[in-house]
Amino acid sequence: MANSDDPRDRILNAAGPVFAEKGFQAATVRDICHEAGVNVAGVNYYFGDKERLYIETVKRARQIRGQQVPMPDWPPGTPTEEKLRQFIFTMLKRMLGVTAAPWQPRLMMREILSPTAACKELVQEYFRPDFNLLLGILDEVLPPDTPLHKRQQIGFSIVGQCVFYRMAGEVVALLLSDEERMEHYSVEDLAEHISQVCLASLGLGPPLAGSFDDESKLSQTSEAP
């Protein structure tokens, strides 16, 4: 059972695993209140109804992740390239590099794949501010007359590369050997790779082919007797 002196917190803590496992429709207030050790009237008293409880539970999962890995606070004069690298790293760290209760990422994925009213609040309170931050970074390098839809598409392309490793992580693992994953697929490695791709496409970094040549030469030099 949830362990807290605050009944509201106990309900939220109990609701997370239940909603993550069963989804909104199948989960029952009775099951949640049993796990929380509170009267079944507690949900209505503290949240109004089951739907509001679900929304607050989804938001709590996102809040916890954001508190564990906050977005950087860049000082004036920080280069655009560095901002983009740190933004990408922060996104990947939130998705892949944070120790969390299993229900948290499961509930978030359930909500993103089958959106409910909770998704709308997630977008407005969390996803949109982060996306606007990314658009602000892009505005520093894109031509001033770049149409809004093109700026947004570029932003989605960057976010999509990060989301891929969260959504398809198990498939990626099946495609690779354990040695490959250990050596090249850490959060740091993936953030650097995605950053290189994005910076090259934006004209802020060297062409990818050139960077591969440099890595190959460096590897050959290090292996030479």
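The numbered points below go through a predicted model, moving from the whole chain to its helices and then to single residues.

1. Overall make-up. The protein has 225 residues, of which 37% count as buried. Its secondary structure comes to 12 helices and zero strands, so a reader following the chain from the N terminus on meets the run α-α-α-α-α-α-α-α-α-α-α-α. Along the principal axes, the C-alpha trace of the protein spans about 70 × 50 × 30 Å.

2. Helix H4 by itself. Helix H4 takes in residues 50-68, which is 19 residues. From the first C-alpha of H4 to the last, the reach is 27 Å, close to the 27 Å expected at 1.5 Å a residue. At the start of H4, Asp49 places a side-chain oxygen within 3.3 Å of the backbone nitrogen of Glu51.

3. Helix H4 against helix H6. The partner considered here is helix H6, residues 103-113, whose axis comes within 9 Å of the axis of H4, the two crossing at roughly 120°. An angle of that kind falls outside the range of 65 to 115 degrees that counts as roughly perpendicular, and H4 and H6 are therefore oblique to each other. The handedness of the crossing of H4 and H6 is left-handed.

4. Helix H5 against helix H7. Helix H5 (residues 80-96) packs with helix H7 (residues 117-139) at an angle of about 155°, and their axes are 10 Å apart. Because angles over 145 degrees count as roughly antiparallel, H5 is described as roughly antiparallel to H7. Where H5 passes H7, the crossing is left-handed.

5. Helix H5 against helix H11. H5 also meets H11, with axes that come within 9 Å and cross at roughly 140°. This pair does not reach the cut-off of over 145 degrees for roughly antiparallel, and H5 and H11 are therefore oblique to each other. H5 passes H11 in a right-handed crossing, whereas H5 passes H7 in a left-handed one.

6. Leu199, a residue of helix H11. Leu199 has its place in H11, which covers residues 187-201, and with a relative accessible area of 3% Leu199 is buried. The C-alpha atom of Leu199 is separated by 8.2 Å from that of Leu84, although the two residues are 115 residues apart along the chain.

7. Phe156, a residue of helix H8. Phe156 has its place in helix H8, residues 148-167. The relative accessibility of Phe156 is 52%, so Phe156 counts as exposed, the cut-off for that word being over 50%. Between the C-alpha atoms of Phe156 and Glu180, which are 24 residues apart along the chain, the separation is 28 Å.

8. The cysteines. How many disulfides does the count come to? A disulfide is a covalent bond between the sulfur atoms of two cysteines, and the rule applied here asks for cysteine sulfur atoms within 2.5 Å. By this rule the count comes to zero. Cys162 is in no disulfide, and the nearest cysteine sulfur to that of Cys162 belongs to Cys198, 7.3 Å away. Seen from the other side, the closest cysteine sulfur to that of Cys198 is in Cys162, and because 7.3 Å is too far for a bond, the two sulfurs are not joined. Both residues are buried, Cys162 with a relative accessible area of 0% and Cys198 with one of 4%.

Methods. Residues numbered from 1 in each chain as written. Predicted model: local features only at pLDDT ≥ 70, side-chain atom pairs only at ≥ 80, totals over all residues. Heavy atoms only, no water. Helix = DSSP H or I, 4+ residues; strand = E, 2+ residues; numbered from the N terminus. Expected span 1.5 Å × (residues − 1). Polar contact = N/O pair within 3.5 Å; in protein donor to acceptor, adjacent residues only side chain to side chain. Buried < 20%, exposed > 50% of the residue type's maximum accessible area, 1.4 Å probe, protein only. Axes fitted to C-alpha atoms, helices over the stretch in contact; angles between N-to-C directions. Parallel < 35°, antiparallel > 145°, perpendicular 65-115°, else oblique. Left-handed = near helix turned anticlockwise from the far one by under 90°.
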